[in-house]
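Reader: I've got a structure open and I'm not sure how to read it. Could you walk me through it, starting with the charges?

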Amino acid sequence: MSDSTVAGVDGTEGIDLTGVSVFVGGPIQHAIRDDGFHQPLRHAIRDIIAAASAVHGTVFSAHVVEKFGVDTPLFSPDQVSVRDFDWMRRCDVFVPVLPVDGAGELMRTDGTHVELGWASALGKPIVVVTPVPLAANASHLLRGLPSVADVTVLDLAEAGANPAELLRLVEKLGRAAVVST
């Protein structure tokens, strides 16, 4: 097993995100429940962050900085906007996680949709991790985003079961972004 292999994950041999920055996004405010942060989303985001970090990627994550909602009230809207926009400018690949609720509808995430706009406008490759097919309540702009931006959609269940596929895609897109800058 090479040192860039994610422990216990098949297919990650040879994947190396050294020099690649990944901004992992997704709902925060609307994922905070009375009993804490939405657990399936927490696990999905933590797994993606852990996998990218294990293969030496640099990861930007408000979820980590804000301790999955615990410290969110400590940040002003200005701080969050400036921080996240800086991360978007600095990242090579944006990976938003868009979960669905028990009714199969996309969880509300205004901030992530703003970030999708930033990523599109800045020409960043985007890997949307969400259940496939897209939820029925996904907006026309979200559904049509691949017609104006470099967007790949990966199934959330597949990405969780096989993070190597996500890592290979992030490596390919990230390396291309690094070379073009």
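Author: Sure. For charges, the general idea is a simple tally: Lys and Arg count as positive, Asp and Glu count as negative, and His and the chain ends are left out. Keep in mind that what you see is a predicted model.

Reader: How many positive and negative side chains does the protein have?

Author: There are 13 positive and 22 negative ones, and the centres of the two sets lie 4 Å apart.

Reader: Okay, and how do I spot a salt bridge?

Author: Look for a side-chain nitrogen of Lys or Arg within 4 Å of a carboxyl oxygen of Asp or Glu. By that rule you'll find six salt bridges here. Take Arg83 and Glu66: their closest N and O atoms are 2.7 Å apart.

Reader: Where do Arg83 and Glu66 sit in the chain?

Author: Arg83 belongs to helix α3 (residues 77-90), while Glu66 is in the loop between α2 (62-65) and α3. They are 17 residues apart, so this pair links distant parts of the chain.

Reader: Are those two buried or exposed?

Author: Both Arg83 and Glu66 are buried. They also belong to a network of salt bridges that takes in Asp84.

Reader: What about a salt bridge inside one helix?

Author: Try Asp86 and Arg89, with 3.2 Å between the closest N and O atoms. These two are about one helical turn apart, because they sit three residues from each other in helix α3. Asp86 has 23% relative accessibility, so it counts as partly exposed. Arg89, at 48%, counts as partly exposed too.

Reader: Can you give me one more pair?

Author: Arg108 and Asp110 meet in a salt bridge at 2.8 Å, N to O. Asp110 is partly exposed, because its relative accessibility is 41%.

Reader: Now let me zoom out. Which elements make up the protein, and in what order?

Author: Count seven helices and seven strands. Starting at the N terminus, you'd read them off as β-β-β-α-β-α-α-β-α-β-α-β-α-α.

Reader: And how do I judge the overall shape?

Author: Compare the radius of gyration with what a compact globule would have. For 181 residues that is near 16 Å, and the protein's 15 Å agrees. The C-alpha atoms fill a box of roughly 40 × 35 × 35 Å along the principal axes.

Reader: What share of the residues count as buried?

Author: That's 47% of the 181 residues. As for the surface, the protein exposes about 9000 Å², with carbon and sulfur atoms supplying 57% of it.

Methods. Residues numbered from 1 in each chain as written. Predicted model: local features only at pLDDT ≥ 70, side-chain atom pairs only at ≥ 80, totals over all residues. Heavy atoms only, no water. Helix = DSSP H or I, 4+ residues; strand = E, 2+ residues; numbered from the N terminus. Rg over C-alpha atoms; globule rule 2.2 N^0.38 Å. Buried < 20%, exposed > 50% of the residue type's maximum accessible area, 1.4 Å probe, protein only. Areas by Shrake-Rupley, 256 points an atom, 1.4 Å probe, with all protein chains shown as cover. Charge placed at Lys NZ, Arg CZ, Asp CG, Glu CD.
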